[in-house]
Amino acid sequence: MDKNKKKSNRRKKIHWRVRSSITGTAERPRLNVYRSNKAIYAQIIDDTDNSKTLVSANSLSLSDGTKSDQATEVGKIIAEKAKEKNVEKVVFDRGGYLFHGRVKALAEGAREGGLKF
């Protein structure tokens with residue numbers, strides 16, 4: 001089997017295991033992170049209302065800085081948008097990724113923006 005397929009299957013397996021215990025509610029929605037090679041994406045999801053996405057942000061429109069800097073900016077953007085929707089507390093879903101690098105930078109940016117998790 002190809003090495004990349006093993007790595008992605010491992011991440012998906014971890015994500016499924018974590019998602020069995022983490023759910024977003026109306027009071028505390030889930031902050032989901034997806035990381036690709038070029039960009040990072042974040043969504044705030046209410047799982048009780050048919051998994052409705054409340055807020056989303058990504059780094060596709062950001063062009064300056066390193067990928068970690070862009071992840072921090074995406075965290076701040078998602079926090080601002082969440083404040084507009086009256087969301088202050090979230091459950092962090094790292095998507096099976098290690099809490100390191102860009103995922104950690106996004107979380108720190110969201111905390112700087114005022115989200116609590």
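Throughout this tour, buried means under 20% relative accessible area, exposed means over 50%, and partly exposed covers what lies in between (1.4 Å probe, protein chains only). The model is predicted, so to speak of local features pLDDT must be at least 70, side-chain atom pairs count only at pLDDT 80 or more, and totals for chains, interfaces and linings use all residues. Residues are numbered from 1 along each chain as its sequence is written, and side-chain values use heavy atoms, with hydrogens and water left out.

**Stop 1: the sheet**

Switch to a cartoon view and find the open sheet of four strands, whose order is 3-2-1-4 with mixed pairing. Strands (E, at least two residues) and helices (H or I, at least four) are DSSP runs, numbered from the N terminus, and two strands pair if DSSP finds at least two bridges between them. At the edges sit strand 3 (52-58) and strand 4 (91-93), each pairing on one side only. On average, neighbouring strands here are turned by 20° against each other, direction ignored; axes are lines fitted to C-alpha atoms, for helices over the stretch in contact, and angles run from 0 to 180 degrees between N-to-C directions.

Now select residues 40-46, which make up strand 2: six bridges join it to strand 3, and the two run antiparallel. For one partnership to zoom in on, pick Gln43, whose bridge partner in strand 3 is Ser56.

**Stop 2: the loop residues**

Which residue in the loop between strand 2 and strand 3 should you click? Choose Ser51, which lies in that loop and has a positive phi of about 50° although it is not a glycine. Most residues other than glycine have a negative phi. Ser51 counts as partly exposed, at 43% relative accessibility.

Then jump to Asn86, in the loop between helix 2 and strand 4. Its phi is also positive, near 60°, and at 69% relative accessibility Asn86 counts as exposed.

**Stop 3: Asp93**

Is Asp93 buried or exposed? Select this strand 4 residue and you will find that it counts as buried, at 1% relative accessibility. Show its surroundings: leaving aside neighbours within four places in sequence, Asp93 is in contact (heavy atoms within 4.5 Å) with His15, Val18, Arg19, Arg30, Leu31, Asn32 and Val33. With Arg30 there is a side-chain to side-chain polar contact of 3.0 Å. Such a contact is a pair of N or O atoms within 3.5 Å; within protein, one must be able to donate a hydrogen and the other to accept it, and residues adjacent in sequence count only if both atoms are side-chain atoms.

**Stop 4: the helices**

Select residues 67-84 for helix 2, which lies across strand 1 (30-35), strand 2 and strand 3, at about 145° to strand 3. Add residues 102-112 for helix 3, which packs on the sheet and touches strand 1, strand 2 and strand 4. The two helices pack at about 35°, with axes 7 Å apart. Among the residues making this contact are Ala71 and Gly75 of helix 2, and Ala105 and Gly109 of helix 3.

**Stop 5: aromatic rings**

Finish with the rings: the structure holds four aromatic pairs. Rings of Phe, Tyr and Trp (its six-membered ring) pair if their centres lie within 6.5 Å; planes under 30 degrees apart count as stacked, over 60 as edge-to-face and the rest as tilted. Phe92 and Phe99 are an edge-to-face pair, 5.9 Å centre to centre with 90° between the planes. Phe92 is buried at 16%, while Phe99 is partly exposed at 38%. Last, select Tyr34, Tyr41 and Tyr97, which form one aromatic cluster.
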